Every structure is written in structure tokens, then in C-alpha cells.
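Work through these exercises with the model open beside you. Try each task before reading its solution.

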Amino acid sequence: MAIKRTKAEKKQAYDRKLCQLLDEYTKVLIAVADNVGSNQLQEIRKGLRGDSIVLMGKNTLIRRCIKVHADATGNKDYLELMPLLVGNVGLIFTKGDLKEVREEVAKYKVGAPARVGLVAPVDVVVPPGNTGLDPSQTSFFQVLNIPTKINKGTVEIITPVELIKKGDKVGSSESALLAKLGIRPFSYGLVITNVYDSGSVFTPEVLDLTEDDLMEKFASGVSMVASVSLAISYPTIAAAPHMFLNGYKNVLAVAVETEYSYPHADKIKEYLKDPSKFAVAAPVAAANSGAAAAPAAKEEEKKEEPEEESDGDLGMSLFD
């Protein structure tokens, strides 16, 4: 017969287990476990077995263990978890990829009926069609203002009806109707709300960022830094190319307006003195390209002609 442990012994064992996990793992997912049953939680544990461990418990006990561990080891990083331990939450310690673990957890969702008093997490819409209920059940539909008709001895819903809106509480009539129709509108599972990684806490949406997203945000930040630097004339690496280009433009403008000159400015001055050179430059370039293409075409024709003659000579020798 197994010896039943006291509450103090259970707390000590829990404390040792949590402290061991805090020593071994540096990544934790904080998950809300509202409306998650024990069987469903067991399936999640099986699915994550290998590189992740799901730990549930009272928030006060978890906070105390984290504080004791921080005082004993001097590692204050896990203190960032304490403000997140609110409500019915659990901790998923993992050594795997955080995004893959979150996706694995999201697979274990179970459909649930709309119980009276529950707050609807989503909109509930009753689709049109035959319900299979006999005409004596029309009272449910009349109470909820659902248009129906009798078709072949059964009740048929004419149009789709938004029965419950997201955030509203489920009433007794709505719950009874959905149960009769066999509709289980809600699905529940562990919902990841926060992610802890080596002392940093962030929302799970960060895990969805790709390298392209990071590059886009980085480029946007560099652009903003360059804009501010140019506006206040403060030199930075991001603004340096623009500053050099603007400086060169200013020097060129001064050279054009004065007698001071340098090789690149001489070309600009020459174009400004004779604007027709702008129009002449393009045809000359086109003519040069055409002239270069013509000899190449002639050379190809010359190469093809001997081949035809050799074929003809071959044919004559055969007929002879």
C-alpha cells in the first residue's frame, strides 16, 4: 500500500521539481489553460514528450519557488515570469524550437458545447438547412427569432442566423438549441500568451517573424535614422552616403556658378554651354552600336557561305 504524502511533503517535492527545471531550461512558454480537461492535458504532455515538460500548479506556489531559487542561485532572470503568473496558467519548459513547440501545442484543441454562462470566444452562426427536428420543437426557434419552415415533417432553418456574438454569455435557450442541433461551436486548448527566453519576455507573435520581416524593419529603422541625421545635420553611418552626395552636389553647384573647376565639373560646364550635346550623345551611341553590329552580321554570312558550297560539292561528287 502506497504511503500517502502530506501537503508539506507534496509542496517540497513540487519545489524540488520546479527548481530542477529552472536549472536545466532557459526557454519557457506561458500558457492559459482555461476549459482544458485533464485528459486533454495528458495528450498534450504526450505530444511534447522528449524535449518539453508541461508544469501546472498554484500561482502562489510557483512564485515562491521562483523567488527561493533566485535567492539561492543568484539568477534573477526567472523573476521576469512572476508578473505573468495570473489566472489559470501553466509553464511549458522546452529545449526545442519555440515556434515548433507552440505549433505542436495548438494541435491539441477539443470541441466543446456551449454551456450556460460561458463567455463566447468566437461568433456562433447557425447555418441554414434541415435540422432533423420535428415540428413540436419550433418553440426554441421562435424564442430566438430564427426563421424556419416545415419541410417534409421536419423543421428547416431558412437563413443563417448569428446566434451568439463573441464576448457574450451563453444563455439557456442558445445552449439548449445548439445541443439539440449537435453543434459544438467552441474549441479549447492551451493558449500561449507569453514567451520567456534567457531573461527576455515577449509575445508569441514575435515567433512568426521571418528573416524578410526583420530585414524590412531593419531597413525602415536605418531609413528613419538617416532622415533624422540629415534633418539635424548629425553625421551617422546611415546618413554618411547621403551627406557625401549632398556635399558633392553643393561643390558641383559652386563650380558651375564660379570660375573654379575640376575634371568632372568641366564636363558639366561643357554640356551647359552647348545643350545640343545632350541630344547628340544618344544618336552617336546608337550609331556606334549599329556599326559594331553590321560587321558582326557580315562575318556570320561569310561563315555560312562556305558551308553551302561544301554541301554542293559533296552532292556533285555523289551524282558523279
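**Exercise 1. An edge-to-face pair**

Is Tyr188 buried or exposed? The model is a predicted one, so take each value as computed from it.

Solution.
- Step 1. Tyr188 has a relative accessibility of 11%.
- Step 2. Buried means under 20% relative accessible area. Tyr188 therefore counts as buried.
- Step 3. Turn to Phe186. Its relative accessible area is 1%, so Phe186 is buried.

**Exercise 2. Aromatic pairs**

How many aromatic pairs does the structure hold? Describe the pair formed by Tyr78 and Tyr196.

Solution.
- Step 1. The count of aromatic pairs is three.
- Step 2. Tyr78 and Tyr196 form one of them, with 4.8 Å centre to centre and 25° between the planes.
- Step 3. Planes under 30 degrees apart count as stacked, so the Tyr78 and Tyr196 pair is stacked.
- Step 4. Locate the partners. Tyr78 sits in the loop between helix H3 (59-73) and strand S3 (89-94), and Tyr196 in strand S11 (residues 191-197). The pair therefore ties together parts that are 118 residues apart in sequence.
- Step 5. Check burial. Tyr78 is buried at 3% relative accessible area. Tyr196 is buried too, at 2%.
- Step 6. Now go back to Phe186 and Tyr188. They form an aromatic pair with 6.4 Å centre to centre and 65° between the planes. Planes over 60 degrees apart count as edge-to-face, so this label fits Phe186 and Tyr188.

**Exercise 3. Salt bridges**

Side chains of opposite charge can pair when their charged atoms come close. How many salt bridges does the structure hold? Work through each bridge and its surroundings.

Solution.
- Step 1. The structure has three salt bridges.
- Step 2. Take Asp208 and Arg102. Their side chains meet at 2.4 Å, N to O. This pair links distant parts of the chain, 106 residues apart. Asp208 lies in the loop between strand S12 (200-202) and helix H7 (211-232), while Arg102 lies in helix H4.
- Step 3. Compare exposure. Asp208 is partly exposed, with a relative accessible area of 36%, whereas Arg102 counts as buried at 17%.
- Step 4. Take Asp71 and Lys76. The closest N and O atoms of this bridge are 3.5 Å apart. Asp71 counts as exposed at 54% relative accessibility. Lys76 counts as partly exposed at 43%.
- Step 5. Take Lys107 and Glu104. Their side chains form a salt bridge at 3.3 Å, N to O. Lys107 is exposed, with a relative accessible area of 61%.

**Exercise 4. Charged patches**

Which residues form the negative surface patch, and which gather in the patch of positive charge?

Solution.
- Step 1. Asp51, Asp97, Glu100 and Glu103 make up the negative patch.
- Step 2. Place Glu103: helix H4 (residues 98-106) holds this residue. Glu103 is partly exposed, with a relative accessible area of 41%.
- Step 3. The positive patch gathers Lys4, Arg5, Lys7, Lys10, Lys11, Arg16, Lys58 and Arg64 on the surface.
- Step 4. Find the main contributor. Helix H1 (residues 7-24) gives the most to the positive patch, with four residues.
- Step 5. Place Lys58. This residue is in the loop between strand S2 (52-56) and H3. Its relative accessible area is 64%. The cut-off for exposed is over 50%, so Lys58 is exposed.

Conventions. Residues are numbered from 1 along each chain as its sequence is written. This is a predicted model: local features need pLDDT of at least 70, side-chain atom pairs count only at pLDDT 80 or more; totals for chains, interfaces and linings use all residues. Side-chain values use heavy atoms; hydrogens and water are left out. Patches are made of residues with over 30% relative accessible area and no salt bridge: like charges are joined within 9 Å, nonpolar side chains (Val, Leu, Ile, Met, Phe, Trp, Tyr) within 5 Å. Accessible areas come from the Shrake-Rupley method with a 1.4 Å probe; for residues, only the protein chains shown count as cover. A salt bridge is a side-chain nitrogen of Lys or Arg within 4 Å of a carboxyl oxygen of Asp or Glu. Lys and Arg count as positive and Asp and Glu as negative; His and the chain ends are not counted. The place of a charge is taken as NZ of Lys, CZ of Arg, CG of Asp or CD of Glu. Helices (H or I, at least four residues) and strands (E, at least two) are DSSP runs, numbered from the N terminus. Buried means under 20% relative accessible area, exposed over 50%, partly exposed in between (1.4 Å probe, protein chains only). Rings of Phe, Tyr and Trp (its six-membered ring) pair if their centres lie within 6.5 Å; planes under 30 degrees apart count as stacked, over 60 as edge-to-face and the rest as tilted.
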